[in-house]
Amino acid sequence: MTKKEFITRLEQSLHELPYEECESALRYYDEYISDAGEDNEAETINNLGTPEKVATAILKDYFKNNENCAHNPGSTIQEGFTAIKVSVVNAGIELIKGKNFSIDYTNDEKSSTKINHKIVNNVLIVDEKKTGTFRFFTLNGSHQKTIRITVPECLLDRINIETVNGGIYVNDIRSETLHAETVNGGVKIERLVAEDSYFETVNGSISAGNVISKCMHVETVNGSLHVSGLLKGVIYLESVNGSIRVHTKAARDTYDFSLSTVSGSVYVGSEKMGKHYKTDYDRSNVIHGETVSGGIYIEFSV
């Protein structure tokens, strides 16, 4: 086993760690193996044991020293919720990791709606309620709010975020499932660990970087898609007016592909495949990419 193979397998096994902790562990073992010298690389790796065994020890130590972290789905954080549901119309949504739970928003007195939040049956619910004063609906953004939710490190059961006029930003979050959907706005995801993830907009681009997911659906009409990370399972990507870019940390020979564009070209690695490219090796990982106006670019780290 080479150092590159060891580090890749170790990263795959450390998906439960927070991003910074994972990067720190990978740097340590990369430097440890390099310091042994090229002639001693194979012996050093053999003495360490399998990457999976090393990862198990790292995870055990991390969660032992961070008892407030929810190692299993369904664990209730201090505020009493295991899931998040946001359903608003005129608001941008930010969901980020922090030391403590907090939710920040400002209600505009000129607005005909008011933001509320409550916890019901272990679900943090954030929604809008009419104030009773009728005002004409507007898209000019003059009364658009931003809702920022900060949660401590934990593994949530599910997250569902829906808005109409506003962008969605998620950073350094772990959840069994994540659904993020808007109409007029972009979606930006950074450092996500999720079994299943769904991102959708109509007018806006979607960027999902440093994602570890076993199933992903990413869709827009007017905008580009850019996805990167350790991508497994079925990865479904669709746009109408925009390009699609994928940078995965898994090897090319672990995927099947179904890629198609009308006005553009398909590239897999450095190879130009024309407008359509499809394989059928019955592999468990599949990248499905489809656009009308734009190219499709698939890149691999290994």
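**Exercise 1.** What volume does the largest cavity have, and which residues lie nearest its centre?

*Solution.* The model is a predicted one. Step one is the volume: the largest cavity holds about 200 Å³. Step two is the lining, which is made up of 20 residues. Nearest the centre of this cavity are L17, Y19, V193, N210 and I212. Step three assigns the lining to secondary structure: two or more residues each come from the helix α2 (19-35) and from the strands β8 (168-181), β9 (187-200), β10 (206-219) and β11 (225-238). Step four sorts the lining by class, giving 11 nonpolar, 3 polar and 6 charged residues.

**Exercise 2.** How many cavities of 30 Å³ or more does the structure hold, and what lines the second largest cavity?

*Solution.* The count is 2 at that cut-off. The second largest cavity encloses about 40 Å³ of space. Its lining consists of K97, V151, P152, E153, C154, L156, D172, I173 and R174. The element that contributes most to this lining is β8, with 3 residues. Strand β8 also gives two or more residues to the lining of the largest cavity. Sorted by class, the lining of the second largest cavity has 5 nonpolar and 4 charged residues, and no polar ones.

**Exercise 3.** Are C22 and C215 buried, partly exposed or exposed, and how many disulfides does the structure hold?

*Solution.* Begin with C22, whose relative accessible area is 9%. Buried means under 20%, so C22 is buried. Next take C215, with a relative accessible area of 31%. Partly exposed covers the range between under 20% and over 50%, so C215 is partly exposed. The last step is the disulfide count, which is 0.

**Exercise 4.** Describe the protein as a whole: its secondary structure, burial, contacts and surface.

*Solution.* Start with the secondary structure, which comprises 4 helices and 18 strands. For burial, take the 302 residues of the protein: 42% of them are buried. For contacts, consider those with a separation of 6 or more; residues 24 or more positions apart account for 50% of these. Finally, the accessible surface of the protein is about 15,200 Å². Carbon and sulfur atoms supply 46% of that surface.

Notes. Residues are numbered from 1 along each chain as its sequence is written. This is a predicted model: local features need pLDDT of at least 70, side-chain atom pairs count only at pLDDT 80 or more; totals for chains, interfaces and linings use all residues. Side-chain values use heavy atoms; hydrogens and water are left out. Buried means under 20% relative accessible area, exposed over 50%, partly exposed in between (1.4 Å probe, protein chains only). Contact means heavy atoms within 4.5 Å. Accessible areas come from the Shrake-Rupley method with a 1.4 Å probe; for residues, only the protein chains shown count as cover. On a 1 Å grid over the protein atoms alone, a cavity is a set of points where a 1.4 Å probe fits but cannot get out, and a pocket is an open set with protein on both sides within 12 Å along at least five of seven lines; lining residues have an atom within 4 Å of a point. Grid points are joined across faces, edges and corners, and a volume is the space filled by probe spheres set on the points. Ala, Val, Leu, Ile, Met, Phe, Trp, Tyr, Cys and Pro count as nonpolar, Asp, Glu, Lys and Arg as charged, and the others, Gly among them, as polar. A disulfide is a pair of cysteine sulfur atoms within 2.5 Å.
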